[in-house]
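Me: Please pick one part of this model and go through it closely. Keep it brisk, and set it against the whole chain first.

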Amino acid sequence: MVAVPQSQPSSAQRQASRRPFEVIQGSLSARRVARKSPLLAGLHRTADGSLIGVFAAVLLLSGLTLHWQHRWTLAFRQLEMTREQAHRLTESTAMLERHLLERSQTPNQMVPTTVANLVYLDRPSSASTKPGIDHLAMLGSLMKRTIHHGY
């Protein structure tokens with residue numbers, strides 16, 4: 001058997017054959033750092049864990065903020081619709097009063113609706129209602145009566 005010397009690859013060939021991050025991975029290995037300085041390795045693990053916790057908290061709070069903003073937007077839309085409907089109801093009531101005032105024979109007897117002109121009645125107690133009253137007949141008799149303009 002004859003010994004033949006093997007040619008050593010040049011440093012340029014060695015660097016080309018290595019992957020791009022092989023040098024970094026070898027020098028900053030977690031195992032190597034843990035063996036040399038266990039305190040520093042523990043500090044790195046603690047920092048990594050706290051960063052993951054902070055990112056999870058940020059994601060959770062962002063999700064909750066978006067949810068609350070969506071709920072607030074829906075509630076605000078409902079409030080705006082309620083305000084608009086109340087305004088339309090007020091306008092309709094005013095138009096009906098104006099129309100009835102114009103058509104009535106005696107507009108001088110009618111007064112515009114104000115808070116001072118309203119009469120508040122107490123709610124009837126449930127004991128005072130008689131069980132034998134036919135409500136449909138009473139409504140039918142009310143429908144046959146003429147409607148007087150005004151309050």
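Reply:
**Helix 4 in its setting**

The protein chain exposes about 15100 Å² (Shrake-Rupley, 1.4 Å probe; for residues, only the protein chains shown count as cover). Carbon and sulfur atoms supply 63% of that area. This is a predicted model, where local features need pLDDT of at least 70, side-chain atom pairs count only at pLDDT 80 or more, and totals for chains, interfaces and linings use all residues. Residues are numbered from 1 along each chain as its sequence is written, and side-chain values use heavy atoms, leaving out hydrogens and water.

Of the 151 residues in the protein chain, 2% are buried (under 20% relative accessible area; exposed is over 50%, partly exposed in between; 1.4 Å probe, protein chains only). The chain has five helices and zero strands (DSSP runs: H or I of at least four residues, E of at least two, numbered from the N terminus). Its pattern along the sequence is α-α-α-α-α.

Confidence comes next. The chain's mean pLDDT (the predictor's confidence in each residue, 0 to 100) is 78. Residues at 70 or more make up 68%. Helix 4 has the highest mean among the elements, 92. Helix 2 (residues 22-27) has the lowest, 54. Where pLDDT is low, coordinates should not be read in detail.

Helix 4 spans residues 38-103. Start with its leucine 64. Leu64 joins Leu60, Leu61 and Trp68 in a nonpolar surface patch (over 30% relative accessible area, no salt bridge; Val, Leu, Ile, Met, Phe, Trp or Tyr side chains joined within 5 Å, like charges within 9 Å). Together the four expose about 430 Å².

Next, the aromatics. The structure holds one aromatic pair (Phe, Tyr or six-membered Trp rings, centres within 6.5 Å; planes under 30 degrees apart are stacked, over 60 edge-to-face, the rest tilted). Tryptophan 72 and phenylalanine 76 are stacked, because their ring centres lie 5.2 Å apart and their planes meet at 10 degrees. Both sit in helix 4, four residues apart, so about one helical turn separates them. Tryptophan 72 is exposed at 56%. Phenylalanine 76 is partly exposed at 37%.

Last, the charges. Side chains of opposite charge can pair when their charged atoms come close. The count is one salt bridge (Lys or Arg side-chain nitrogen within 4 Å of an Asp or Glu carboxyl oxygen). Arginine 83 and glutamate 80 form it, N to O at 3.4 Å. They are three residues apart in helix 4, so about one helical turn lies between them. Glutamate 80 is partly exposed, at 33%.
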